[in-house]
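Got the viewer open and ready? Let's take a walk through this model, one selection at a time.

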Amino acid sequence: MQYNEGTRLDPSQVEYRTGGGGGGGGRRVAVGGVSGIIVLVLALLFGINPAELMGGGGATGSVSEPGTDLTQCQTGADVEKDRNCRFVVYTNTANQYWSGLFTNGYKPATTVLFSGQTVSGCGTATTDVGPFYCPNDGKLYLDPAFTKDMLQGQLGGLGGDAAEAYVVGHEFGHHIQNLTGRLAQVQQAGQTTGANSPQVKLELQADCYAGAYLANVTSQPNAAMVLNQDDLNRMVDAAKVVGDDYIQQRTQGGVNSDAWTHGSSAERKHWLAQGFNNGVQVCEQVFSAAG
Ligand SMILES: [Zn+2]
């Protein structure tokens, strides 16, 4: 990914809760007894509200320090000096893109970078649930180190900045669904798994939104970030390795489409490409498309 060094950034859209001076022993809170890998498979990728999966007592851990900022991220050139600034670029461009499409008021989303675990409007979240969006506070939560390791290590993908930008773009897709009411509508529908479930269509639409966003913001004059062929390959690869069939095969050695929550690799790649090639107007078709 190539960043435009002259682009002005707005670091106020990203909260930084990692590191933070070690936490002085750290506040301890209970999280769920669900084992990491099961939560990972359920919430992956990129769940909404994974904290709902974490009821009950169980393991404890320290909570990330709340609320420092990334004021050092002022321009695109700063991404090279502090790699965390790339999340400011993704967040700024996503908010810019979507605010231009909402004629009657857009609420910017905030990205929260954390490590270990953190408190969200959807409860306490641990890093191993993967990146997620919390509709209650309109923030997306992401552990940069875990996300990198998940895409490349655990899931065996190519990783890289373009893969991460897709992840952020997908979470912003849920933010948009929250604003349009689609999210609430699907959650009320109740049926949460299965290849043809509204839940899967919700996720595929978020992939489509990610594609529309990435194509648009990277093709503007003086774009804050520009994609080359390698980046495109990494985006598509990321969509592949977060497919339900791919993850099931990798973690369980078999595929059961009744348990799908996010769609197959082929579907995720398809809808990412649909949004990328044809723009946001095609993304509603997810809900009318068969299968
Ligand atoms: Zn999602």
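Select cysteine 73 and cysteine 85 to begin: both are buried, meaning under 20% relative accessible area, where over 50% would be exposed and anything in between partly exposed (1.4 Å probe, protein chains only). Their sulfur atoms are 2.0 Å apart and form a disulfide, a term used here for a pair of cysteine sulfur atoms within 2.5 Å. The torsion about this S-S bond is about -80°, so the disulfide is left-handed. Cysteine 73 sits in the loop between strand 4 (60-62) and helix 2 (78-81), while cysteine 85 belongs to helix 3 (residues 85-99), so the link ties together parts that are 12 residues apart in sequence. Helices (H or I, at least four residues) and strands (E, at least two) are DSSP runs, numbered from the N terminus.

Before moving on, a word about what's on your screen. This is a predicted model, in which local features need pLDDT of at least 70 and side-chain atom pairs count only at pLDDT 80 or more, while totals for chains, interfaces and linings use all residues. Residues are numbered from 1 along each chain as its sequence is written, and side-chain values use heavy atoms, with hydrogens and water left out.

**More sulfur links**

How many disulfides does the structure hold? There are 3. For another, pick cysteine 122 and cysteine 134, whose sulfur atoms are 2.1 Å apart. This link is right-handed, with 90° about the S-S bond. It connects distant parts of the chain: cysteine 122 is in the loop between strand 6 (117-120) and strand 7 (123-126), and cysteine 134 is in strand 8 (residues 132-134), 12 residues apart. Cysteine 122 and cysteine 134 are both buried.

Now jump to cysteine 208 and cysteine 283, joined by a disulfide with an S to S distance of 2.1 Å. The torsion here is about -85°, so this disulfide is left-handed. Cysteine 208 lies in helix 7 and cysteine 283 in the segment after helix 10 (265-278), so the pair ties together parts that are 75 residues apart in sequence. Cysteine 208 has a relative accessible area of 0% and is buried; cysteine 283, also at 0%, counts as buried. Number the bonded cysteines in sequence order and the pairing reads 1-2, 3-4, 5-6.

**Into the core**

Next, show Tyr90, Trp98, Leu151, Tyr166, Phe172, Tyr213 and Met225: these have the most contacts inside the largest nonpolar core, which has 61 residues. A nonpolar core is a set of buried Ala, Val, Leu, Ile, Met, Phe, Trp, Tyr and Cys residues joined through side-chain atoms within 4.5 Å. Which helix gives the most to this core? That's helix 7 (residues 198-218), with 10 residues.

Zoom in on tyrosine 213. Leaving aside neighbours within four places in sequence, tyrosine 213 is in contact (heavy atoms within 4.5 Å) with Tyr90, Thr93, Ala94, Tyr97, Trp98, Ala165, Gly169 and Met225. There is also a second, separate core of 8 residues, which includes Val112, Ala125, Phe132 and Tyr141.

**Around strand 5**

Follow that second core to valine 112, in strand 5 (residues 110-114). Valine 112 is buried, at 0% relative accessible area. Beyond four places in sequence, valine 112 touches Glu15, Arg17, Lys139, Leu140, Tyr141 and Leu142. Try a distance label to leucine 142: the two C-alpha atoms are separated by 6.3 Å, with these positions 30 residues apart along the chain.

Threonine 110 is in strand 5 too. Threonine 110 counts as buried, with a relative accessible area of 18%. Its contacts, not counting residues up to four places away, are Gln13, Val14, Glu15, Gly138, Lys139 and Leu140.

**Rings to finish**

Time to show the aromatic side chains: the whole structure has 6 aromatic pairs. Rings of Phe, Tyr and Trp (its six-membered ring) pair if their centres lie within 6.5 Å; planes under 30 degrees apart count as stacked, over 60 as edge-to-face and the rest as tilted. Phenylalanine 87 and tyrosine 90 are edge-to-face, 5.5 Å centre to centre with 85° between the planes. Both lie in helix 3, 3 residues apart, about one turn of the helix, and both are buried.

Tyrosine 97 and tryptophan 98 have ring centres 4.8 Å apart and planes at 70°, so they are edge-to-face. Add Tyr209 and Tyr213 to the selection, and you have one aromatic cluster with Tyr97 and Trp98.
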